[in-house]
Every structure is written in structure tokens, then in C-alpha cells.
Amino acid sequence: MKQHKTPGGKTPKTGRRKAIAPKRPNAQKAERPNKSPATREETDIARLIRERDEALEQQAATSEILRVISQSTTDVQPVFEVIVLTAVRLTRCDLAFFLRCDGATYSPMSRATPEGLQTDARPSQLIDPNANFPSRAIVEKKTLHLPDWSLADLPPYERWVRETYGIVSSLYLPLLCAGECIGLLVLAGKRTNIFGDREIALAESFRDQAVIAIENARLFNEVQTKSRDLQEALRYQIGSANILNVIASSPTDVEPVLKAIVESACELCEAHDAVVLLKDGDDLCFSAHHGPIPIETDRWPIGRGWASGRAVVDRATVHVHDIYAEDDFTDGRELSRRAGSTAVRSILAAPLLREGESIGAILLRRQEVRPFNDKQIAMLQTFADQAVIAIENVRLFDEVQARTRDLTDSLQQQTATADVLKVISRSAFDLHSVFDTLALSAADLCAANLCGLHIREGDFLVCRGYAGASKEQQDFVRQARIPVDDPNYAMTRVLASGEIANIDDFDNASGTTRTFQKILGFKALLMVPLMREGQGIGVFVLGRDSVGEFSQRHIELVQTFADQAVIAISNVELFQQVQERTRELSQSLDDLRTAQDRLIQTEKLASLGQLTAGIAHEIKNPLNFVNNFSALSFELIDEMTDVFENPTLDEASRRKGLDEIRELLKSNLEKVVQHGKRADLIVKNMLLHSREGSGERRSADINALVGESLNLAYHGARAEQSGFAITVKQDLDPDAGALELYPQEITRALLNLISNGFYAAVGRKAETDAEAFEPILTATTRNLGETVEIRIRDNGTGIPPDVREKMFNPFFTTKPTGEGTGLGLSMTHDIVVKQHGGRIDVETEPGIFTEFIITLPRGNGTAGG
């Protein structure tokens, strides 16, 4: 099981921990012996595995708690039980229990030890901070951590707990809701200092989940209460609406209306029977009746001696709690006696008034003493008004009823539309909530048994919103994937044509959709396409388990919902496009800033003054050598003249002296040439180093450049050094592809790195003089998506840390005089980083290997060139 964050909303805030176990001062760490990389890797792996296992265990526990919370919407006891069991297991404490606060007392709820759940029959305790630790945490509303009871002044209760159960450490976490403490989670152990930061954080998460469970139960009960009130109001509205529908359908016949009135009044007002009596002269005639109580007469004189007669006379509602307890209802008792074994006790009568005059009455009766409530009295008065409308204004009532129906429908539609728009405005990312709300509203307003909102995703129609049916049926619909190009499905035909399908009797239809009909049981089907810019993007489907077409009003309503679904989809897509565009603009801004920085750097590199001091310093040494050896040569020429002009020397001595001078002159001239070439090399490299760039920026295959550089470097080294030998390996990724770059500059950078690798590997062989050692240089490329990686690795002498820090500085070199200028790596760095916007990193281990890692962007990462 995986741990899930609580959906929606934030968990209630809780107080901060009051006390934490004191930490020991940091001890001087002992010198640890150097471990091999493999040993360190194994240690890290073991630590990571342990952390992973702990995280998985916590995730599984949290998931289990959330599952119990979701299944126990009205009862928090199962949640408390699983939390204390989980707390004992994960924190490895010896005791965990919940306390619920109720005014001035607290009482135990759930209790667990390592052996499992325990019965806690302790009575409620007064909340007294001086008497026990739980009360302190409850009153202060802060987490209380006591890592070692021996260091605390224990109240009498805690001393008893320690002596009885061996508890020596504890953690108290108050459950806060709206700033009030509603309970307490307590963890305790028989060992000191068992609750570290990890255990406390875990316990706090358990505390938060308990608060969520309590709040969920409270909210659920409130919703249930409101739902009952709404259901009752809905029943009244439906009853009233039913009567109005009957009135509208019977413009010239009042009997169906009166029949519907007595049926609804009897049902909604919980009466045993209902009667409508109409005034005929001095009598009231029994015109409509519903219920088991018999009517033994057709008419009865109007008078105050019975409830209906008094309601007509007084033109007011009459409520008789018990007919046999009232002395002035003699006619009423007579009518009750005539009913025999079904004698009446409680009666409610309301007059039918037209322009202030009574034209009849409506009567409710019960066979036991059970007075009617205010809502039932108001409902009966409503029925009376409706009866008057039906009787006295039949012609006008049809128009009023039509208008009322239209207004009612419009109000319901507007309310549903407003609700959907609220969900759309609040759910910028969550189309699931929008679709479910649309489906639920459409099913409710269109009196459908089921409703599904199917959205086109690729080549399939997939249900993303559903209302009605059982869970198994919902799972079937949500898992179904309907190919949009299969014309055997009614939905795909609607999607393709963009036309509404209103099927009144599905048994007479054909097609693959019959599979859905068998599982879902619908008989009538309404399918409305979701259209955007003339293209179908989904289908709104409503089904009923009875035969008959959906009305035009229902079709228009579903069309409105379909339009809202399209709006929601478009809103999400537009929002995602805005987010993507925002990310692109942010990236463009970063690229612009990077380019600006590189441009500044390029301008700095282009400045001659930046390198003047370096050139003067580096060229001074070879020029000094040239001057010195030239002066010495001039002196040797004077000595040669002296030898020629010395008459005391014989021929042999003169030749010997001249030979010595000639050798010295030759040596001096060689050194002059050597240092002159070094000065020339410095000047050439400085020119390369300081210029902005060379060649044309274009797309080039990186593998080809690397291979070409290897060949040039290898053959150049063989031409310069006799007996040069090294093994060159290539591991080039075929997917590396082409990059936008300056091929000449990248080749120059690669030649520098490869030549340095040759020098280091061959130099190591010369130093070790080991026959078994084989110099190797490896070139590798890798496709990293937006970038390409190039690695040049040699098994040479490696780079010491002090050299590594300075190796990219201009003129820094570790090669002997005459073998390097110190500009190769500096130039390589500028080419890669400043000219191409890439990176160059170094991994090395002295005496083992050196690896240069170049990372180049595929796009235009240049700073200028």
C-alpha cells in the first residue's frame, strides 16, 4: 500500500511540540580509516534500502488508515483502532491510546499494545493539569514530549502508571479542531528516549489523520441531517408539483385533480385518509376520497359540530387532536362512530377559500391520537389552495401552470448551471469533478436512471463522468473503451454525425450498444454530441429504465450541459497552453540572460588588454634565453678571432680551440632556435585564444567530429614521436546525432583534450616502465535528449587536486619547458563554455585515470562566434 496525501483541503494545524528529548553534544568524530569506493557504495546502498523500507512501511500504514477513514464515515472508532495499532508497530512503543475530550472531562477511546487491541474500561477523568500529564497537553493545546520520566516531577497518576505498567517515557499529541482540543493521542514506552524526530513526526501524522476522521464524521452527520431536510422538502415539492401536473393535464375535469390532491395529502401528511368536500347549498358533499376509512354518507350539513363544517363556517383551519376529548364536536363523533372499527381520533380540516369565501374543505384523519405538525398543516393549506385553483379557475390555471412549470424548470436549470459553473471555476485542473457534477445534474433534472459523459481520447470514447447505477455497472462503463470508428455503436454514430439521438424503445434498436443495454438495463436513451468547432469531442448519454422519448426540454437542458462540458475542456486546455507558454517564455528569458552573459564574456575575451600582461609574462622567458645565448655567441666569435690571431698556437692547438668554440656556437644557436619557436608558439596560441571565433556555425554530426579528432591526434602524435603506441577505443552513441556548433572550434578543443590524454597515458608508461601496462584512451558520446555528452578518458597519471583547481587558467601548465604553453585547456574551456554555452567537467584519480566530460546543447547555445 502506498501513502496518499489527504485529498482536498489542508489538515488542521496542531500545536508545536513542547519538549524534545535532549540531544547529546556533538562528540569529536574519530578518524575513520579510508574505505574503498565499493565499501562506501555498499554502505550507502544499505542505508538507502533501509530508508526505502521505512518509507514504504509508513506509506502502507498511512494508506491503510486513509482506507479505514474512507470506509468509516460515521464511526471513528475503527479509525482510532487502526491508528493505535499502527503507531505501536511503527514507532515501536509499548502503549498507544486515544482520549476524547467532552467538556471538563476526557475518556478513553481505543488502546493498543504490541500484543494488539486492549479493552480500556477506565472511567472518565476530570481535566486537571495538576493531576496528570494528559490534562496538561489538553489545556495547553501543545504536544508534550517526556523522553525520560525519571527527570520529571511526576503527578500521582503518572507515578501509579510507572509502577503498574513500567512506563518511563511518553508523548502526548492534542487533537485540535477550530482551535479547541477535541482529544489526545498518547504514545508511551518502557524505555527512555524512544521517540526521536522520526517517531514524533510519524505520531503527528497519525494525530492529523485522527482529526480528519473526527471532522469527516461530524461533517457527514451534518450533511445527513441537511439531506433529510432537503429530502422532506423535495417530497413536498414533488407532491405539489404532481398535483400541479394533474391540474395542467385536466383543464376541464376537476375530479382527477381532487383525486391527486387527496392521494398526495394522505401520503405526505401521513394521514390514514384524506377527503375533499365541496359546498352544495347548506351541505358539504364528499367529492374525492383516498384511504381505508369508509365514508358512510355522500353529504353532511354544514355546521360547527364537525371539523370540516367548522372550517367552512370559520374560514380557518381546524385541528382536532382527539375527537373524543372535544365536547363541541358532536357531529364529528357521530361520523367517527359510523366508521365502526376504523373510528377516527385526530382530524385536520382546511377550508377552500375563493376571494375570502368558503367553497369547501379538505380533511385529513388519523385513527390514533397523533396531532399533525406545522409542516403538515401548511402542506394541507397548500393542497386546499390548489384545489381552489383547480375548481374555480380551470381555464386560467392551465396558463398559470404552464408558466409555473417553465419558471420551475428554468430555476432548476439555472441552479444546476450555476453549480456547474462554480465547479468549473474552482477546478482549473480537475475535469473529473466537473464531469461528475454535470452527469449528476443531468440525471437528476432529466429524471434519468443513469448518465454518462464520454470523452474522445485518441481513437476511443472513454467515460469520464457518471451518475446512477450500481458500482459494478459504473466500473463496467468507466473501463469500457469504444472505438470511434466502429459504426455499430450508437454513440460513435452520434459523434460522427453531430446529431442528437433520442431512442424511445431500445428493444427495437440494433447495434453493438445492446451489450451496454443488457448490463445497464436501460430502455430509453438520449445521446447528445459535444461539439467544438464542428468536430465531435464526446457524447452526453442519458438512460431510463422505462420506454419513452426524452422531452424537448430535457434535450435542451442536456445540450446546455454538453456546452458547459466543452467549455470546461477548453478551459483546461487553454490553462495548460498558458502554463506551457509561461514555461517557454521563462526558458526564453533564461536563455536571453545566458546569451547576454556570454556576450559580455566574449567582449571581454575580445579585448586585447585582457591578455597583454599574460603575453608579456610568458614571452619574456624565451626572449631572455634568445638574448642571452645571442650575447654568448657574440663573445665566442671574439674568442674565435683571438684563436686565429694568436701566433703562439700551433696548428693542432688552434684547430682544437676552434672546434670547441664551434660546438659552443652550435649549441647556443640551437637554443636560440628552440626558444624562438616557443615564443612563436605562444604568440600563435594567444591569437587563437583571444579571437571571438572562427568558421561557420552549422549542424555537424558529433560522432564524425570525435572520430576525426581521434584520427588527427593519433597520426600527429605518431609523426612527432617515434615508437608512439597507445590503444584508442571508441564508444559512440548512434543516437547522438547532429548539433548546431562551430566544427573547427570543437575539433580544436577535442584535439587539445585527446593530445593531453595521449601525453598522460604514454607518460605513465614511461614512468612505470612496466611491460604489462597498456596506455589506453577512450572516447564516448551519449545522447541526453536536449544535450549531448562527450567523454575523453585516459589511464594516465591523473591530476592532483591543487593542479585541478588551476588547470583551466591561461598559461598554467605542468609540462616541462618547451612542451606546453598552458593555453590548451584554457582555450578548450572557452570554446565549450563561452562559445557554445556548454559545460566541461573533470573526473580524476591521481595515478589511475582522468576523464574530461563535455556537455553541449543541441540548440543555439552560443554566446557569439
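The legends below describe close-up views of two sheets in a predicted model.

**View 1. The open sheet that contains β8 to β13 has six strands.** The strand order is β10-β9-β8-β13-β12-β11, and the pairing is antiparallel. The edges are formed by β10 (299-301) and β11 (318-320), each of which pairs on one side only. Between neighbouring strands of this sheet the turn averages 25°, direction ignored.

**View 2. Strand β8 pairs with β13 and with β9.** Six bridges connect β8 to β13 in the antiparallel sense; D273 has R365 of β13 as its bridge partner. With β9, also antiparallel, β8 shares seven bridges, and L277 is placed opposite F286 of β9. Six of the eight residues of β8 are buried, leaving the strand mostly covered.

**View 3. β8 and β9 make a hairpin.** Two residues lie between the strands. In the turn, G281 has a positive phi of about 70°.

**View 4. β12 and β13 are antiparallel partners.** Residues 346-354 make up β12 and residues 357-366 make up β13, and nine bridges link the two strands. P351 faces A361, a residue of β13.

**View 5. Helix α7 lies across the sheet strands β8, β9, β11, β12 and β13.** The helix spans residues 307-314. Of the strands it crosses, β8 covers residues 273-280 and β9 covers residues 283-290. Helix α7 runs at about 150° to β13.

**View 6. A six-stranded open sheet is built from β14 to β19.** The order here is β16-β15-β14-β19-β18-β17, again with antiparallel pairing. Its edge strands, β16 (481-483) and β17 (501-503), each pair on one side only. From one strand to the next the twist averages 20°.

**View 7. β14 pairs with β15 in the antiparallel sense.** Strand β14 runs over residues 450-457 and strand β15 over residues 460-468, with eight bridges between them. C451 stands across from A467 in β15. Helix α11 (residues 431-445) packs on this sheet and touches β14, β15 and β19 (535-544). The direction of helix α11 makes about 55° with that of β15.

**View 8. Helix α13 also packs on the sheet with β14 and β15.** This helix comprises residues 490-497. Its contacts are with β14, β15, β16, β17, β18 (524-532) and β19. The directions of helix α13 and β19 differ by about 140°.

How values were computed. Residues numbered from 1 in each chain as written. Predicted model: local features only at pLDDT ≥ 70, side-chain atom pairs only at ≥ 80, totals over all residues. Heavy atoms only, no water. Pairing = 2+ DSSP bridges. Helix = DSSP H or I, 4+ residues; strand = E, 2+ residues; numbered from the N terminus. Axes fitted to C-alpha atoms, helices over the stretch in contact; angles between N-to-C directions. Contact = heavy atoms within 4.5 Å. Buried < 20%, exposed > 50% of the residue type's maximum accessible area, 1.4 Å probe, protein only.
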